[in-house]
Amino acid sequence: VPLLAARDLVKTYGGNPALRGASADLYAGEILAVTGPSGSGKSTLLHCLAGIVRPDRGSVGYRGERLHQLSEERLSELRRTDFGVVFQFGQLIPELTAVDNVALPLLLAGTARPAARERAGEWLERFGVRGQQDQRPGELSGGQEQRVALARALVTGPKVVFADEPTGALDCLAGEQVMTALVHTARECGTAVVLVTHDDRTAAYADREIRMSDGAVLPAEVTA
Ligand code: ADP
Ligand code: ADP
């Protein structure tokens, strides 16, 4: 059984269809790349799978729950406990230091501040950015910022991490470091990853790739 199953998703923005019947499965622990041209619906599919966007039609199943029918309360709880997100940029809180950015999801989950900061420090260590723990996002390089963002996405032990062009703003080397760190940690923790990318080199880190075109996921034989 898939961990997440999207069926026949339709989503329209002001008459402009972003998804026209997209279906996809994500299995526990797998790293799934979602590729395809700009505007083909990759981000919208990711947002529907992550419970950030509600589809107009279709269903998203997650461990016996139907995400598209859940209350906002239950959705935000799931986003806190089960899902982590990493976007292209602009996701860290600029006023908070690296360690406080990573500690934040733990504080929201009820962990006391000293324990949260200690655990956040361990995760920064894991991603090679412990030395930057007292710096604010504006003082970090793009690659360091994304590694802090990965630490923040993974610190609560989510079942799934949703990464939307996580290397999109990085040069080649920094992109490789971020992908290596993400894949290594996801495997170690058994975390599934949905990776939206238009970059073949980034997609090559995935176990499986699905391609989108015009708001739908292409059949596997077309992709291969
Ligand atoms: P991709 O990630 O493949 O580039 P998107 O899912 O971002 O594709 O977008 C698919 C289509 O939906 C595009 O035409 C885009 O402009 C449109 N779209 C996506 N999000 C929004 C939004 N929040 N408001 C209006 N249009 C949107
Ligand atoms: P990408 O194609 O790299 O996924 P986009 O530039 O299409 O990125 O979208 C970036 C963000 O803006 C997404 O959250 C998307 O939902 C939103 N968006 C995309 N197109 C539109 C649009 N036409 N109007 C409003 N928001 C949009």
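Biologist: How many cavities of 30 Å³ or more does the structure hold?
Modeller: The structure, which is a predicted model, holds one cavity of 30 Å³ or more. The largest cavity has a volume of about 40 Å³.

Biologist: Which residues line the largest cavity?
Modeller: Its lining is made up of C48, G51, V53, R54, P55, V60, L67, H68 and L75, and by class these divide into six nonpolar, two polar and one charged.

Biologist: C48 sits in helix 1, I think. Is that helix mostly covered or mostly open?
Modeller: Helix 1, which spans residues 42-49, is mostly covered, with seven of its eight residues buried. The buried residues are K42, T44, L45, L46, H47, C48 and L49, so C48 is indeed among them, where buried means under 20% relative accessible area.

Biologist: And what is the phi of G51, which follows helix 1?
Modeller: The phi of G51 is positive, near 70°.

Biologist: Let's move to the sheet. What is the strand order?
Modeller: There is an open sheet of four strands in the order 2-1-4-5, and the pairing is antiparallel. Strand 2 (16-26) and strand 5 (65-66) stand at the edges with a single partner strand each, so one side of each has no neighbour in the sheet.

Biologist: What does helix 1 touch when it packs on that sheet?
Modeller: Helix 1 touches strand 1 (4-13), strand 2 and strand 4, and its direction makes about 125° with that of strand 1.

Biologist: How many bridges join strand 1 to strand 2?
Modeller: Eight bridges join these two antiparallel strands, and one pair of bridge partners is A5 with D25 in strand 2. Strand 1 and strand 2 also form a hairpin with two residues between them, and G14 in the turn has a positive phi of about 50°.

Biologist: What about strand 1 and strand 4, how many bridges there?
Modeller: Strand 1 and strand 4 pair over five bridges, again in the antiparallel sense. In strand 4, V60 is the bridge partner of A6, and V60 also belongs to the lining of the largest cavity.

Biologist: And the pairing at the other edge, strand 4 with strand 5, over how many bridges?
Modeller: Strand 4 (residues 57-62) and strand 5 pair antiparallel over two bridges, with G61 standing opposite R66 in strand 5. The loop between strand 4 and strand 5 contains R63, whose phi is near 45°, a positive value in a residue other than glycine.

Biologist: Why remark on a positive phi outside glycine?
Modeller: Because most residues other than glycine have a negative phi. Another case is D214, which has a positive phi of about 55° although it is not a glycine. D214 is found in the loop between strand 9 (208-213) and strand 10 (216-217).

Biologist: Is D214 buried or exposed?
Modeller: D214 counts as exposed, because its relative accessibility is 52% and the cut-off for exposed is over 50%.

Biologist: Changing topic to pockets: what volume does the largest one have?
Modeller: The largest pocket has a volume of about 360 Å³. Of the 14 residues that line it, R79, F83, V85, P105 and R152 are the closest to its centre.

Biologist: Which elements supply at least two residues of that lining?
Modeller: Helix 2 (72-81), strand 6 (83-86), helix 3 (98-108) and helix 5 (142-154) each supply at least two residues of the lining of the largest pocket.

Biologist: How do the lining residues of the largest pocket divide by class?
Modeller: They divide into nine nonpolar, two polar and three charged residues.

How values were computed: Residues are numbered from 1 along each chain as its sequence is written. Chains are lettered from A and ligands numbered from 1 in the order in which they are written. This is a predicted model: local features need pLDDT of at least 70, side-chain atom pairs count only at pLDDT 80 or more; totals for chains, interfaces and linings use all residues. Side-chain values use heavy atoms; hydrogens and water are left out. Buried means under 20% relative accessible area, exposed over 50%, partly exposed in between (1.4 Å probe, protein chains only). On a 1 Å grid over the protein atoms alone, a cavity is a set of points where a 1.4 Å probe fits but cannot get out, and a pocket is an open set with protein on both sides within 12 Å along at least five of seven lines; lining residues have an atom within 4 Å of a point. Grid points are joined across faces, edges and corners, and a volume is the space filled by probe spheres set on the points. Ala, Val, Leu, Ile, Met, Phe, Trp, Tyr, Cys and Pro count as nonpolar, Asp, Glu, Lys and Arg as charged, and the others, Gly among them, as polar. Two strands pair if DSSP finds at least two bridges between them. Contact means heavy atoms within 4.5 Å. Axes are lines fitted to C-alpha atoms, for helices over the stretch in contact, and angles run from 0 to 180 degrees between N-to-C directions.
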